[in-house]
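I opened this notebook to keep track of what I looked up, one entry per topic. The cysteines come before the rest.

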Amino acid sequence: MLRKKMNYFPDEVIEHVFDFITSHKDRNAVSLVCKSWYKIERMSRQRVFIGNCYAISPERVIARFPELKSLTLKGKPHFADFSLVPQDWGGILYPWIEAFAKRRVGLEELRLKRMVVSDESLELLSRSFGNFKALVLVSCEGFTTDGLAAVAANCRSLRELDLQENEVEDHKGNWISRFPESCTSLVSLNFACLKGDINLAALEKLVARSPNLKSLRLNRAVPLDVLQKILMRAPQLVDLGIGSFVHDPASDAYNKLKATILRCKSIRSLSGFLEVTPRCLQAIHPICHNLTSLNLSYAPGIHGNDLIKLIQHCRKLERLWILDCIGDKGLGVVASTCKELQELRVFPSDLQGGGNAAVTEEGLVAISAGCPKLHSLLYFCYQMTNAALITVAKNCSNFTRFRLCTLDPVKPDPVTMRPLDEGFGAIVQSCKRLRRLSLSGLLTDQVFLYIGMYAEQLEMLSIAFAGNSDKGMLYVLNGCKKLRKLEIRDCPFGDTALLTDVGKYETMRSLWMSSCEVTLGGCQTLAEDRPMLNVEIINEDGQIDFSADEKQKVGKMYLYRSLVGPRKDAPAFVRTL
Amino acid sequence: MYAVAMSNDATADSPESDASITMNFDDTELTLGLPGEGRSPAGGKSYAKRGFIETVDLNLGSSRGNANTHVSNNSESQNGKLPAAKAQVTGWPPVRSFRKKELERSSKLVKVAVDGAPYLRKVDLEIYSSYEELLKTLEKMLTCFTLQGNDRNKVGGRVAMEYVATYEDKEGDWMLVGDVPWKMFMESCNRIRLMKSSEAMGLGTPTNSCISIRKLKQNIKRIQGV
């Protein structure tokens with residue numbers, strides 16, 4: 001019946017209908033309906049998302065999606081962010097660029113996360129794709145400003161160059177002067193993570209000839225007087241990242257800036273303040289009432305009353321990233337001012353664990369009471385109580401992302417000295433749309449029972465120093481049907497938990513287990529049973545002898561499903577079983 | 001209201017109990033083993049919950065013996081306080097290394113006093129890699145302050161001629177900026193004073209007064225940005 005109806009439409013019509021289907025999940029679903037739809041979908045797919053670069057090869061991606069224009073690639077596992085993955089583990093971009101260039105893919109956009117990007121790959125990229133428009137690098141490494149120079153010089157239609165928190169070797173940048181005079185198409189430029197000097201004159205000229213520039217994030221090397229000149233050229237900016245905000249508030253330059261900022265009526269997002277003279281912040285107040293996004297997480301220079309005064313002007317804030325020196329009191333001000341708040345991230349300012357600047361459960365409770373639209377949270381705190389979490393769960397049932405991190409990873413509820421099981425249990429029971437969860441504090445198997453029972457939409461779970469036994473991990477694997485990513489460190493989960501439901505891992509993207517109780521034998525059993533999984537043992541200190549006792553504990557294991565078998569670029573310390 | 005799968009009554013105790021993490025689950029303790037096997041096999045390994053303290057406190061001797069949990073144990077363990085609270089574990093708190101490096105960036109903030117200015121300033125010596133960069137910033141500060149001064153100072157941009165950069169070192173002596181290598185200066189500098197050069201003429205010991213004057217001139221040249 002359906003077949004008859006769909007034959008009525010020529011392929012072009014179906015393809016046109018598919019144009020309206022943009023989410024990756026939906027397009028994937030569409031491609032599974034029938035052969036004809038599979039074919040139409042694959043020939044018309046322009047945006048491809050690959051959550052694990054080792055799950056597939058570039059050749060196969062091109063073979064299936066020849067019209068590919070936009071690619072998103074993720075490399076290293078998430079725990080690589082926290083120095084748990086050795087330097088040369090992998091996630092290398094070059095082979096992808098090489099393959100795409102060889103097959104003349106019309107690549108226009110590339111978004112990368114946690115990948116190793118060499119200058120060679122950037123150079124090849126810049127020369128191979130004439131229509132290249134957008135490069136977004138998040139938490140990547142391996143390149144220098146020379147690579148950026150190549151992109152600037154050769155990508156004639158470049159619209160977006162967005163560098164977020166990358167480790168870039170700075171060869172003291174003349175890279176920005178490599179943008180040709182003819183380059184007038186820039187919409188977004190973010191180089192805040194670069195450490196070195198920048199050619200300020202070239203930067204000003206570039207901004208002056210980019211009428212479409214909407215987003216500009218500067219690094220520390222751009223002083224306040226140059227900022228003023230740039231803003232004169234680009235009053236249309238929507239997103240601004242300030243580098244250096246240091247000046248004598250009594251000076252002409254500062255007064256000029258104050259006046260110029262008043263012209264920038266479109267700014268909705270503000271970040272940076274990498275160095276700051278607090279008394280200069282007054283200049284910013286006039287634009288605060290329009291801000292929807294504020295990121296002060298790299299601005300330890302803004303604290304105390306200056307910070308509070310600033311926030312009191314920001315009534316429309318939807319997203320706030322802040323340091324914990326804001327304190328519980330400051331969070332109280334946020335709660336009473338920012339009624340539209342949807343996402344809050346509170347980062348630690350003192351990593352030595354002094355705990356002086358930290359926030360506690362009080363701040364979080366205040367926020368939950370004052371901000372009804374809150375759905376995304378990252379909260380580093382000195383302590384947390386079950387009572388507070390239960391209150392938060394009652395106040396805010398909309399959480400989709402809930403990540404809590406106590407500075408002492410096994411800190412119990414300081415009032416009752418009990419584990420935080422009940423608190424997190426309340427969160428998962430109340431927040432039915434929860435997709436991402438990170439736990440910390442003293443936790444037993446009980447919390448995992450709650451997660452397995454209630455967290456039906458959970459896709460990503462991060463666990464550290466928690467649980468008593470294999471039961472904990474089993475509760476999660478059995479209960480969370482939508483689980484895609486599970487990362488575990490320093491928990492007493494062993495082979496029994498690992499091997500009870502081996503088919504589960506093929507429904508997931510990946511599993512990371514480090515400093516747990518899994519043995520070499522257990523991992524080998526899993527690998528033999530499931531050839532579609534790559535079970536990697538990371539053996540950086542050479543502790544594991546693969547020919548010997550299979551009861552050896554495995555320090556770090558990373559397994560992921562893959563269509564292309566063990567990777568060929570694994571370094572010597574990585575063994576795929 | 002939440003289904004309790006196992007009794008946790010064995011857990012802590014009175015509020016006065018030591019904040020030690022090694023809670024005793026004893027009878028409710030689950031162990032790893034094949035179904036039907038009893039507890040405490042001959043191997044003797046305890047599969048009880050790995051407390052944080054076992055991971056972190058090297059003195060107890062971790063049963064794992066693998067070096068994955070790197071710890072720098074620089075804590076005092078007096079009055080029953082959890083030593084682990086102060087020890088540092090790899091990757092905890094879970095903050096991106098980029099962000100961590102930014103936070104750990106030490107800053108050496110020193111006060112800068114400019115003769116005649118109504119208030120002091122501060123500079124972070126860590127962000128400079130040479131005298132040149134520092135003096136550029138100091139010159140900017142001078143411009144901020146002195147351009148509000150009287151006309152005499154504004155003549156032909158020779159403002160900077162009036163000032164000499166000096167600093168107080170760790171021993172409390174006032175020294176001329178520029179004499180020692182940059183790194184040494186950075187480590188020994190407590191604060192900076194931009195002194196009116198009319199006052200500075202007396203600087204330098206008798207033995208190297210010639211050198212002092214030369215350095216003075218060099219100093220002034222540098223401040224001018226020549």
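**Entry 1: cysteines.** I began with Cys431(A), which is buried at a relative accessible area of 2%. The model is a predicted one. I then searched the whole structure for disulfides and found 0 over all chains. Cys431(A) is accordingly in no disulfide, and its nearest cysteine sulfur, in Cys396(A), lies 7.6 Å away.

I asked next why Cys516(A) has no bond to Cys491(A). The sulfur of Cys491(A) is the closest cysteine sulfur to that of Cys516(A), but at 5.3 Å the two are too far apart for a bond. A disulfide needs the sulfur atoms within 2.5 Å. I also looked up the exposure of Cys516(A): this residue is buried, with a relative accessible area of 1%.

**Entry 2: nonpolar cores.** I noted the general background that nonpolar side chains tend to be buried together in soluble globular proteins. The largest nonpolar core here has 187 residues. Which of its members touch the most other members? I listed Phe191(A), Phe245(A), Phe273(A), Phe402(A) and Ile451(A). Another core, of 22 residues, lies apart from it, and I wrote down Val110(B), Leu125(B), Met141(B) and Tyr163(B) as being among its members.

I followed Ile451(A) further. Leaving out residues up to four places away in sequence, Ile451(A) touches Val428(A), Leu437(A), Leu439(A), Leu458(A), Leu461(A), Val476(A) and Cys480(A).

**Entry 3: Ser376(A).** I located Ser376(A) in strand β15 of chain A, which covers residues 376-381. Is Ser376(A) buried or exposed? I found it buried, with a relative accessible area of 4%. That value counts as buried because the cut-off is under 20%. I then listed the contacts of Ser376(A), again not counting residues up to four places away in sequence: Gln342(A), Glu343(A), Leu344(A), Phe399(A) and Arg401(A).

**Entry 4: a sheet in chain B.** I traced an open sheet of 5 strands in chain B, in the order β4-β3-β7-β5-β6, with mixed pairing. The edge strands are β4 (121-124) and β6 (174-176) of chain B, and each of these pairs on one side only. From one strand to the next, the twist averages 30 degrees.

How many bridges join β5 of chain B to β7 of chain B? I counted 7 between β5 (residues 163-169) and β7 (residues 189-196), and the two strands run antiparallel. For a single pair, I looked up Ala165(B), whose bridge partner in β7(B) is Leu194(B).

Notes
Residues numbered from 1 in each chain as written. Chains lettered and ligands numbered in written order. Predicted model: local features only at pLDDT ≥ 70, side-chain atom pairs only at ≥ 80, totals over all residues. Heavy atoms only, no water. Core = buried A, V, L, I, M, F, W, Y, C linked by side-chain atoms within 4.5 Å. Buried < 20%, exposed > 50% of the residue type's maximum accessible area, 1.4 Å probe, protein only. Contact = heavy atoms within 4.5 Å. Helix = DSSP H or I, 4+ residues; strand = E, 2+ residues; numbered from the N terminus. Pairing = 2+ DSSP bridges. Axes fitted to C-alpha atoms, helices over the stretch in contact; angles between N-to-C directions.
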